[in-house]
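Here's a quick walk through one model, taken a region at a time. Have the structure open and follow along.

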Amino acid sequence: PPPPLPALHTCQGLAPCLPEEGQVNTSGPRLLLATLHPAAGSSAAMDRIFSALLLSLLLLLQSYGVCGTPPQPRGTLCRTKPTDLVFIIDSSRSVRPHEFEKVKVFMSQVIEGLDVGPNSTRVGVINYASAVKNEFSLKTYQTKAALLQAVRRIEPLSTGTMTGLAIQFAISRAFSDSEGARVRSPNFNKVAIVVTDGRPQDGVQDVSARARAAGIEIFAIGVGRVDMHTLRQIASEPRDDHVDYVESYSVIEKLTHKFQEAFCVVSDLCATGDHDCEQICISTPGAYKCACKEGFTLNNDGKTCSACSGGSGSALDLVFLIDGSKSVRPENFELVKKFINQIVDSLEVSDKQAQVGLVQYSSSVRQEFPLGQFKNKKDIKAAVKKMAYMEKGTMTGQALKYLIDSSFSVLNGARPGVPKVGIVFTDGRSQDYITDAAKKAKDLGFRMFAVGVGNAVEDELREIASEPVAEHYFYTADFRTISKIGKKLQMKICIEEDPCECKSIVKFQTKVEDLINSLQR
């Protein structure tokens with residue numbers, strides 16, 4: 001017999017309703033197919049089955065509409081522009097064998113997101129140390145499966161670091177017609193991704209300039225004790241978009257999403273979820289516009305809806321817990337402040353609605369301002385902009401304890417009976433123990449969001465985040481992309497819900513359950 005109908009009115013678990021290519025869906029479609037089998041051969045039963053199928057699909061769609069779950073990006077919806085892509089991989093003796101395996105995983109994950117084929121994207125790999133080895137050229141493999149198998153077979157060379165020589169090899173051979181490169185054209189991209197962990201033993205500035213002049217777009221990824229000046233000499237303009245750094249090979253995989261997005265050519269921004277609309281996205285050729293559900297109005301920004309305005313139901317005590325450790329760096333700390341104010345912009349701030357508090361932590365904890373100190377968005381945002389960077393350690397556990405003991409106390413402006421939301425932002429591993437404080441915050445009923453950037457540890461983020469964890473923790477490899485997380489949080493921290501709409505969903509679900517139960521009998 002089929003499993004019981006899942007409680008779809010909670011809007012959980014809906015995003016994977018469409019299976020990826022080559023995968024079998026084990027949720028909704030499995031349920032519907034299971035109900036078809038026992039009624040085969042009966043016309044009346046088939047009518048009821050069709051009704052159940054239709055009702056279930058309508059329920060799925062209605063749950064999307066009411067609860068406002070945004071469309072999720074799907075790999076099959078992202079079409080990549082035809083590209084000649086060459087990885088230039090440092091396998092010098094400083095790269096240990098297990099670290100080189102991480103680089104191979106990174107390459108494989110980027111390849112997984114590409115449209116591979118002779119008329120779409122072609123991939124080559126250059127492996128270098130003291131010498132250069134052409135692992136395979138752009139014309140060697142024409143399928144994704146063959147490319148992935150070839151990447152798995154690559155072995156490190158374990159000698160010096162001749163980065164300039166490798167880039168010269170890319171210009172003269174890897175991107176040549178004889179190796180499968182296509183003629184330079186607006187219809188094709190030529191891209192090189194250089195991964196290195198040290199200072200090169202030859203010059204890179206002149207040869208990189210020649211590569212860029214030849215129409216090759218160069219991304220430079222540095223690991224560990226790499227020379228950042230060298231990366232900037234290698235990379236294309238704008239440098240900030242083409243230079244990436246990770247502290248160790250263990251986290252290089254976190255850059256995968258950036259490169260998947262870089263190669264993605266979106267024809268339907270609404271379908272991929274790559275839009276700013278809070279509720280409804282309407283696709284237009286090469287663009288989109290936003291709309292709101294019935295009973296909501298579009299705000300002046302043309303993107304958000306006034307879902308959280310008016311009434312005591314939208315009361316909220318929100319505290320930001322911000323990592324101000326040395327690893328964040330001053331320029332990134334300014335981006336964090338913009339991230340905070342981006343979320344503040346989506347709130348209705350007043351004594352009866354949202355209150356905002358801000359805490360910064362590093363080796364110690366400092367309250368920037370408590371809940372309720374500022375009564376409007378303008379004053380909150382001004383105070384955020386004035387926040388000074390602490391620039392020391394990363395005591396996340398101590399900060400969580402402060403949130404519990406002080407930030408959400410009545411003495412610091414918290415209101416009894418009002419929902420409490422904490423947003424924890426960090427860029428690295430905590431230097432103290434977080435488990436007890438993270439658990440206590442959730443046990444007390446605080447709704448906890450965890451936002452990680454760069455070298456943040458996924459296990460710690462998941463430990464901080466409320467259930468369901470997938471909806472309460474976010475990660476990006478690059479500070480420059482945290483605004484995308486801010487957009488997602490804007491929709492998730494809204495507490496208000498229309499009880500009439502939820503009541504109708506539950507009533508609708510009951511009809512479906514009754515019908516499927518009769519089919520089972």
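## A six-stranded sheet

Let's start with one pair of residues: F320 has L358, in β12, as its bridge partner. This is a predicted model, by the way. The strands behind that bridge are β11 (residues 316–323) and β12 (residues 354–361), which run parallel and pair over eight bridges. As background, strands in a sheet pair through backbone hydrogen bonds, in either a parallel or an antiparallel way.

Zoom out, and β11 and β12 turn out to belong to an open sheet of six strands, ordered β13-β12-β11-β14-β15-β16, with mixed pairing. Which strands stand at the edges? They're β13 (365–369) and β16 (473–476); each has a single partner strand, so one side of each is left without a neighbour in the sheet. From one strand to the next, the twist averages 20 degrees.

Helix α11 (residues 330–344) packs on this sheet, where it touches β11, β12, β14 (420–426) and β15 (447–453). Its direction makes about 170 degrees with that of β11.

## Two nonpolar cores

Now for the packing. The largest nonpolar core counts 33 residues, and F87, F106, I193, V195 and F259 are the ones with the most contacts inside it. Elements giving two or more residues to this core are β2 (83–90), α3 (97–112), β3 (122–128), α4 (144–152), β5 (189–196) and β6. Which of them gives the largest share? That would be α3, with six residues.

Apart from this core lies another one, made of 29 residues, including F320, V328, V336 and V349. So much for the overview; V195 deserves a look of its own. Leaving aside neighbours within four places in sequence, V195 is in contact with I88, I89, D90, F106, Y128, I221, V223, Y249 and I252.

## A buried aspartate in a loop

Last stop: D227, which sits in the loop between β6 (217–223) and α7 (228–234). Is D227 buried or exposed? Its relative accessible area is 14%, and because that falls under the 20% cut-off, D227 counts as buried.

What does the side chain of D227 make polar contacts with? One partner is the side chain of T230, at 2.5 Å. Another is the side chain of R199, at 3.4 Å. Setting aside neighbours within four places in sequence, D227 is in contact with G198 and R199, so R199 turns up again here.

Terms used:
Residues numbered from 1 in each chain as written. Predicted model: local features only at pLDDT ≥ 70, side-chain atom pairs only at ≥ 80, totals over all residues. Heavy atoms only, no water. Helix = DSSP H or I, 4+ residues; strand = E, 2+ residues; numbered from the N terminus. Buried < 20%, exposed > 50% of the residue type's maximum accessible area, 1.4 Å probe, protein only. Polar contact = N/O pair within 3.5 Å; in protein donor to acceptor, adjacent residues only side chain to side chain. Contact = heavy atoms within 4.5 Å. Core = buried A, V, L, I, M, F, W, Y, C linked by side-chain atoms within 4.5 Å. Pairing = 2+ DSSP bridges. Axes fitted to C-alpha atoms, helices over the stretch in contact; angles between N-to-C directions.
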